[in-house]
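Student: I would like a careful, connected reading of one part of a model, with the criteria behind each term spelled out. Here is the model.

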Amino acid sequence: MAYADELLELAQDIANLHPEQPHQSSLRRAVSTAYYALFHLLIFEATANWSRPELRGALARVFDHGPMKQAADKKVSELNSYFKEKPPEGPERTVAYHLYNLTDVFAQAQYHRNEADYNTARQCSNPSRCFPGIR
């Protein structure tokens, strides 16, 4: 998890490189780096209990952005249906709520990373205004 923490810290540092007059390249790199912090955190957590620690790095290489986004979108849709049924309060609903937040944030972060990396027509002076959901 140290790598994900370092990436998030780096994203914050990059976003604050030019506080008086933010540069597009810094803001875009910060958004992209923040996404990678989340991406690597999820992979770290997913592989942490693999029974063969020496193979965790190889297993981590199997994770891919596209399928992870598709899985997140699918889970968000499933959980939207679940919540429409107004489930009773309890541990299952609490877990579902947290899973919904995680998958939704991941999907949004990936979208904003793509916008930051590839949509050069979009100009912004503040990552949170240009890429809603980013703090």
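In what order do the elements of the protein chain run from the N terminus on? After that, please take a close look at helix α2 (residues 24-47) and what it packs against.

Tutor: From the N terminus on, the elements run α-α-α-α-α-α, that is, six helices and zero strands, where helices (H or I, at least four residues) and strands (E, at least two) are DSSP runs numbered from the N terminus. The model is predicted, so local features need pLDDT of at least 70 and side-chain atom pairs count only at pLDDT 80 or more, while totals for chains, interfaces and linings use all residues. Residues are numbered from 1 along each chain as its sequence is written, and side-chain values use heavy atoms, with hydrogens and water left out.

As a frame for the close look, the C-alpha atoms of the chain fill a box of roughly 50 × 45 × 25 Å along the principal axes. Of its 135 residues, 28% count as buried (under 20% relative accessible area, with exposed over 50% and partly exposed in between, for a 1.4 Å probe and protein chains only).

Two packed helices are described by the angle between their axes and the distance between the axes. The axes of α1 (residues 2-15) and α2 come within 8 Å and cross at roughly 165 degrees, the axes being lines fitted to C-alpha atoms over the stretch in contact, with angles from 0 to 180 degrees between N-to-C directions. That makes α1 roughly antiparallel to α2, a term for angles over 145 degrees. The crossing is left-handed, meaning that the near helix is turned anticlockwise from the far one by less than a right angle.

On the α1 side, Y3, A4, L7, L8, L10, A11, I14 and A15 meet residues of α2 that include S26, L27, A30, T33 and A37, contact meaning heavy atoms within 4.5 Å. This contact divides into 14 nonpolar, three polar and one charged residue (Ala, Val, Leu, Ile, Met, Phe, Trp, Tyr, Cys and Pro count as nonpolar, Asp, Glu, Lys and Arg as charged, and the others, Gly among them, as polar). T33, which is found in α2, is buried with a relative accessible area of 5%. Leaving aside neighbours within four places in sequence, T33 is in contact with L7, L10, A11 and I14.

Helix α2 also packs against α5 (residues 91-118), with axes that come within 9 Å and cross at roughly 145 degrees, again in a left-handed crossing. Here R28, R29, V31, S32, Y35, Y36, L38, F39 and L42 of α2 meet residues of α5, among them L102, V105, F106, A109 and R113. By class, this contact has eleven nonpolar, three polar and five charged residues.

Aromatic rings take part in this contact, including those of Y35 and F106. Rings of Phe, Tyr and Trp (its six-membered ring) pair if their centres lie within 6.5 Å, with planes under 30 degrees apart counted as stacked, over 60 as edge-to-face and the rest as tilted. By this rule the count comes to six aromatic pairs. Y35 and Y36 form an edge-to-face pair, 5.1 Å centre to centre with 70 degrees between the planes; Y35 is buried at 1% relative accessible area, whereas Y36 is partly exposed at 24%. Y35 and F106 form a tilted pair, at 5.7 Å and 40 degrees. Because Y35 lies in α2 and F106 in α5, that pair ties together parts 71 residues apart in sequence. F106 is buried, as is Y35, and Y35, Y36, F39 and F106 form one aromatic cluster.

How values were computed: Angles under 35 degrees count as roughly parallel, over 145 as roughly antiparallel, 65 to 115 as roughly perpendicular and the rest as oblique.
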